[in-house]
Amino acid sequence: MTSKRRKNDTETVGTGKKKDKREETPKISEITEDTDVRDRVKVAWLKKEHLSHGSIELDCRPFPHCVIKNFIRNEGFLENLEKELLDLNFHEKSNDLYKFKQSDDLKKRKEAHIAGLRAVLFERFRLWLSSVFAVELEPVVDVSCAKYEYTDVLLCHDDELEGRRIAFILYLVRPWESSDGGTLDLYSVDGNNQPKDIVKSLVPSWNTLIFFEVSPVSFHQVAEVLSKDKCRLSVSGWFHGRSLERLPRYIEPAAPRSPHLPRDEELLLEWINPIYLDVAYQAQVQEEFEESSEILLKNFLKEDKFEQVNEALKQSEIQWVKRGPPNKRSYRWAEQQGLPPCVSACWELLSSEAFFLLLSNFTGLKLHFMAAGDDTDEEEEEKDEERKSEQEKKPSTPLCRGELRCWGHGDYTLIHDTNVDSMEFALDLLLYFGCEGWQADFGGFTSYIASGEDEELLTVSPESNSVALVYRDKETLKFVKHVNHRSLELERSSPRGTSFYDFSFVYYE
């Protein structure tokens, strides 16, 4: 964007030629120079009271945060800053928690206006914040630039990381409406200090700065950007200082596990594609599975059984319940009680003794006492020993747990370090329904990654009447990618709606 030329943007030098003179030092809001206002903000923050004075507003619901409008007083500086930021190299950032574009750290950038902004943030504004919070803030600040475009999102999190004390965002967005998405959503918390509901949404606006204290309850998100032609540009980061005292991490109760149901192979003959009941084919599946620890079995159910369940999921009055909390997951699920008979019967199939044995034949895992053992190489023997060591702490009877889930726009799961289930060896099963027309760029796929890494080990995409089997160890984590706004395009092209379904089962040796 070309900035407007002002009268004082040029100066004449001795040669008679004109030389560009760019504004390099921004003037920040006069509100930060008023000691009376500063003291009032300090008292209101301490007492958690609302304060509104001129261009500054402090609100303590659901947690204390402050908005300063017209943060930079010289418009010419802002326009040149915007141009410099848009000229940076941006990197695509995408994992379980977010999808957006981010610049490198701005601490060492030499561009005049980026350096000028950095100077006032690191010096004058930092000192003002130190006085308001009565805490010493370090002179070096984390700061980068982010671009959010169509379907970009940053899901619910609290920003807590050792040393982070105050988070800030300076918005450089052109006219923006709440219908464009990209709002900064603030969450209330429940009795366990877990995020509960969005109680306030702040629409980004040009030259507005927002800051809040990083705390165990500072849960927030950047809502998905819904505009196809606007860019949500911002400069954000953290001031560092002595962290607030952390609350004990809330550990969710473990999901109940059950032994298999006493059902014989007649159930398999009724439901499953005959090819998967052929012993020779099962051996072929096992050989492939043991090479890669994963396999996709297409057309798994008999066609008539699949269609019965598929139609029942789409048309029946199943009571879908939203499952959270949003810093861990957001999707709908249904309890087995009250399901249509054919759907309940499918659940029973996946929980049956006969199915446990079938899985043993597919994978070579000991999920049934009749499962055949075979010779393993040294590496497999080491894995077996590690599994046995883990299993000594648990009942020896193979167990499973299952869910019936519905996925639509806005749904996801996140990786979190309090998930005890992810720290065990297990076999994951996903059986999909209602995926006709589903595309990879809608999200909703399941990603497996190694602990501490971002690179995907495996992606499982929704595909109707397909069973995905994935064996994971204690260092393998999984998440379901956020289902984005593109999925709603199916509403125009498919009468079936914009959701798909899966049975998600986990089996333990």
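Rings of Phe, Tyr and Trp count as a pair if their centres lie within 6.5 Å, with the six-membered ring standing in for Trp. Keep that handy for the exercises below, which all use a predicted model.

**Exercise 1. Find the aromatic cluster and sort two ring pairs by their geometry.**

Step 1: Start with the whole structure, where a search turns up 31 aromatic pairs.

Step 2: Take W438 and F442, whose ring centres are 5.2 Å apart with 90° between the planes. Planes over 60 degrees apart count as edge-to-face, and that is the label for W438 and F442.

Step 3: Now try F503 and F505, at 6.5 Å centre to centre and 45° between the planes. This pair is tilted.

Step 4: Check the cover. Buried means under 20% relative accessible area. W438 has 11%, so W438 is buried; F442 has 2%, so F442 is buried too. F503 and F505 are both buried as well.

Step 5: Follow the ring pairs outward. They link Y276, Y281, F300, F306, W347, F355, F356, F362, F433, F503, F505 and Y507 into a cluster.

**Exercise 2. Work out which parts of the chain two salt bridges tie together.**

Step 1: The search for salt bridges gives 29 in the whole structure.

Step 2: Pick K200 and D59, whose side chains meet at 2.6 Å, N to O. K200 lies in strand β12 (residues 195–202) and D59 in strand β4 (residues 56–59), so this bridge ties together parts 141 residues apart in sequence. K200 is buried at 18% relative accessibility, and D59 is buried at 14%.

Step 3: Next, look at E489 and K228, with their closest N and O atoms 4.0 Å apart. E489 sits in the loop between β25 (476–480) and α10 (490–493), and K228 in the loop between β14 (220–222) and β15 (232–240), so the pair joins parts 261 residues apart in sequence.

Step 4: Compare with the cut-offs: exposed means over 50%. K228 has 61% relative accessibility, so K228 is exposed. E489, at 31%, counts as partly exposed.

Step 5: Salt bridges can also form a network, as they do for E30, E33, R73 and R124.

**Exercise 3. Locate a patch of negative charge and place one of its residues.**

Step 1: On the surface, E287, E288, E290 and E291 gather in a negatively charged patch.

Step 2: Zoom in on E287, which belongs to helix α5 (residues 279–292).

Step 3: Is E287 buried or exposed? Its relative accessibility is 52%, so E287 counts as exposed.

How values were computed
Residues are numbered from 1 along each chain as its sequence is written. This is a predicted model: local features need pLDDT of at least 70, side-chain atom pairs count only at pLDDT 80 or more; totals for chains, interfaces and linings use all residues. Side-chain values use heavy atoms; hydrogens and water are left out. Patches are made of residues with over 30% relative accessible area and no salt bridge: like charges are joined within 9 Å, nonpolar side chains (Val, Leu, Ile, Met, Phe, Trp, Tyr) within 5 Å. Accessible areas come from the Shrake-Rupley method with a 1.4 Å probe; for residues, only the protein chains shown count as cover. Lys and Arg count as positive and Asp and Glu as negative; His and the chain ends are not counted. The place of a charge is taken as NZ of Lys, CZ of Arg, CG of Asp or CD of Glu. Helices (H or I, at least four residues) and strands (E, at least two) are DSSP runs, numbered from the N terminus. Buried means under 20% relative accessible area, exposed over 50%, partly exposed in between (1.4 Å probe, protein chains only). Rings of Phe, Tyr and Trp (its six-membered ring) pair if their centres lie within 6.5 Å; planes under 30 degrees apart count as stacked, over 60 as edge-to-face and the rest as tilted.
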